[in-house]
Structure formats: structure tokens, C-alpha cells
Amino acid sequence: MRVVVDYDLCESNAVCMSVAPEVFEVRDDDFLYVLQDQPPEELRAKVEEAVERCPKQAISLED
Amino acid sequence: MSDLSSVVVIGASLAGLHAARAVRRGGFDGDLTLVGAEPHRPYDRPPLSKQVLAGDWEPERTALASTADDDLDLTWRLGQPAAALDVAARRLELADGAVLSYDGLVIATGAAPRRLDDGGRAGVHVLRSLDDCLALRADLEAGPSRVVVVGAGFIGAEVAATCRGRGLDVTLVEPLPVPLGRVLGDEVGATLAEVHRDEGVDVRLGVGVDAVEGGERVERVRLSDGASVDCDVVVVGIGVAPSTSWLEGSGLPLQDGLVADATCRVAPGIVAAGDVARWTHERYGEDVRVEHWDHAIAQGTHAGQSLLAGDGARAFAPVPWFWSDQYDRKIMLAGRTQGYEEVRVVDGSLAERRFVALYRRGHQVVAAVGMNRPGPLAKWRQRLDDDVAWTEAVDG
């Protein structure tokens, strides 16, 4: 599983960060950082929820 | 596991779609029907006051249901508002007279915008649905000499910003002396108004609309201070009312919304979610109704799970939050400011329009408001969930 963020769409609403803080962090500079772009399988459910809940549909998963 | 064989979800927007997903993903393998008043498949509303209204996005881009939803095996009943409910017989009647039987029901009928008495004149709009948006967009594309936006809440403010982005002259009329003053306090509210003034909006505070005048089409708005503003387009953003009129006579409890318990359950086999639902929020110890985007997802999901869980359902008590984009400003609010006793800016400043303000009630931080500070706001959201104490928050 590989996390891909479309930074042209991302608005740093930080929904992903509240769902999966292990993977996503919006920092003080207000940009989103992907902490691990190939997260372990046990985080899949959380990452999928983050994908689904992103208000801008800016996150996708590649298997 | 539940013993339901047929579930109907009324309301095909964000809450209803997520309730349907939760029901299916929770293992329900019976008949699942999604009823929607609008003819459209579920779509996302936030872009309606921004990207779609600006003309940057075509409506198709707001579609919510993805190919993953094909697996939900839904029966769609779109363009059919719910008309009546027989709770004892577990039967739902639609506007066209069709009757659906259910043994599990999710009510997510949302809310409808309040309107002014406009004499039915053309050019007067509300903004809630995709059709509302496209009608307003067509009027904006015709190049009106001035747009009057009534109500400086978040919808009105976003519409004003989008109209300015189109180069249109805008008057923003707000009955309160400070926009959102009751919610955010005078200083933060005044800052929001200043953002609009800086962008060239004619902001009129503390005045209401006495009349919408003209012929077949609106020509001017008469204000409560005696002023008159000529305009071709009026957008009314004065709040919404929960869509419960079809439930009158059903025996279900109605009080500015459909009343549910802490688990989102209204009655045996019936749950509620989204803008329509007033439920017992255990974190705040009161019945609340929340109209935010993220809330519709979270409560829709929770209500679907509660329906399957029956008596084993859990309480739903998240910290609410939302965002609003206006010009190049992103405003976020997490928590509830109701009954706050103190506001303090803990990061940035109101003057630079980049800040975090915390709201205190008793010894607790109850809310955080941010402008162009999404990263810190995300962290405050988490700390609110952890019931952070005021002294710890402002000292640390």
C-alpha cells in the first residue's frame, strides 16, 4: 500500500491527520506531510478512512 | 449480529450515503434502499458556494459516490421526497404514493434554507442544493450590477467572497452588529467582517432587510435603517430549518429536529443522522443539532452502526468541527463556544489575520478558532477531545 497525495488539491484541512496521525501530519507551516508513504498493513483501515473523508478527495492509495 | 432484513435510508446526501456504507460494511446483507428528494446521486455541498459557483468546477466533479459504492448493492429511489411514516406498521410513503416497508430505518433528510418574503421575484436565491447553485451561477454569469447577500454567516460570507472573485460588486447585510458575534465573540467576529471590507465588500452590520422590491425581478432591497440598495441578484443565507414536516403526525419526537438518544436512536429500528438530527451529546450534557460536513459523515456512519447494534449501540459524542474558505483565508472552528466566558488569542494575531483563539468555559477549553492555521487547529481538535484544561492550554 502506497499513499499518494495530490498537493494541487490538498487544502490542509487536516481531516486525514485526525483519522490517521501515524501517517499524516499538517505542521505549523500549514502543509501536509506524509510521515510514512508505505504504511504497514495494520494501518490500512485508518488510511482508507482518511482517503474517504478527505474533503478534497486529494488522497489515494496504490497497492 | 442484527436480524434486520430490509433497511431504508431516507436522505441521499452525505449522512445518508455514509449510513448506507456503514450498514453494508457492518455485515448487513438484506435489501438496502436509499431514498433521495433530489434527482441527483449524492454530491458534495461545500464546493457549491465556492468552486462550482465560481465556475471553476463543473457539477460532475462534486459526485460523492465512488465506484467502491457499486459493492453496496443499493436500490436507489431518487427524486422522491419522503411523504409520511407509519411507525407502528414500519411503512414509509413517498411523494409519488409508493410505499416502502422496512425493519430498519435511517432518517437523514437534512435541512432546508430559510427564505425571506420576496414576493416570488426572480433573482432571489438561496443556496443549498446543486440546482440552487446552478441557478445562482447563471444569474452571476449574466453580470449583475450588484449582488446583495443577506446574512454574514458562513454560507453568506463564502458567497460574498466568490462573487468578489468574479469581480462583482457585493453588499453584505447582517442583522447582528458583529457577524457570528454570538458564536465567536465580538473581536473574532469583527475580524471576519474586516476581511470582507478589505476585499471591497460593502458590509452593512446591524441592519435587517425590510423588503425585497421590484417587478417580476428583484430591483432593490430596502434595509431596516431606511437605506435602499439597488441590485439584480439577492442571495439569502439566514440559516436552515431541519426537514421534519413530513414526520408531523408520525408520533416521533420533533423539537427543532428529530430527537434521538445518545446513540442516535429515535425509536426501535429507527436512527437519525446529519442536519436533521437532534441528539443527546454526552460530552456536553445537552441535546444538540450540528450542521457541519464532517459531522454528517461521522454521524451517518455511527447511526448506521447503531441501527445494526440495536440495544448494544454506543454513544456518539465527538468534538464538532468545520472549516470555511473565504478569499485566501481558511477559517476553522473546533468544539462548541456556547456559554464561553473568555477568548484568548494564543498564536498569531487578529491584526495579521492569522491566529488561533481559544474559548474558555469554567476551567476547560471548549473551542478553538483558527484563521489560516489548519495545522495547529488539527492539534487543538485532538486536545479538545482529550478535555484539555485551560491553564494547561494557555501556559503550554
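## Helix H8 and a five-stranded sheet in chain B

Nine of the twelve residues of helix H8 in chain B are buried, so this helix is largely enclosed by the rest of the structure. The model described here is a predicted one, and this report looks at H8(B) before turning to a sheet of chain B.

The buried residues of H8(B) begin with the run B:Pro374, B:Gly375, B:Pro376, B:Leu377, B:Ala378, B:Lys379, B:Trp380 and B:Arg381, to which B:Leu384 is added. The helix, which covers residues 374-385, reaches 17 Å from its first C-alpha to its last, and this is close to the 16 Å expected at 1.5 Å a residue. Just after H8(B), B:Asp387 takes a positive phi of about 55 degrees.

The sheet is open and antiparallel, and its five strands follow the order E23-E24-E27-E26-E25 in chain B. Strands E23 and E25 of chain B stand at the edges with a single partner strand each, so one side of each is left without a neighbour in the sheet. From one strand to the next, the twist averages 15 degrees.

Helix H6 of chain B, residues 186-198, packs on this sheet and touches E23, E24, E25, E26 and E27 of chain B, while its direction makes about 45 degrees with that of E25(B). The residue ranges of the strands are as follows.

| Strand (chain B) | Residues |
|---|---|
| E23 | 321-326 |
| E24 | 329-335 |
| E25 | 342-349 |
| E26 | 354-361 |
| E27 | 364-371 |

Within the sheet, E24 and E27 of chain B pair in the antiparallel sense over five bridges, and B:Leu333 stands opposite B:Val369 in E27(B).

Conventions:
Residues are numbered from 1 along each chain as its sequence is written. Chains are lettered from A and ligands numbered from 1 in the order in which they are written. This is a predicted model: local features need pLDDT of at least 70, side-chain atom pairs count only at pLDDT 80 or more; totals for chains, interfaces and linings use all residues. Two strands pair if DSSP finds at least two bridges between them. Helices (H or I, at least four residues) and strands (E, at least two) are DSSP runs, numbered from the N terminus. Axes are lines fitted to C-alpha atoms, for helices over the stretch in contact, and angles run from 0 to 180 degrees between N-to-C directions. Two residues are in contact if their C-beta atoms, placed from the backbone, lie within 7 Å. The expected span of a helix is 1.5 Å times one less than its number of residues. A residue is buried if 20 or more other C-beta atoms lie within 10 Å of its own, exposed if 12 or fewer, and partly exposed in between; C-beta atoms are placed from the backbone.
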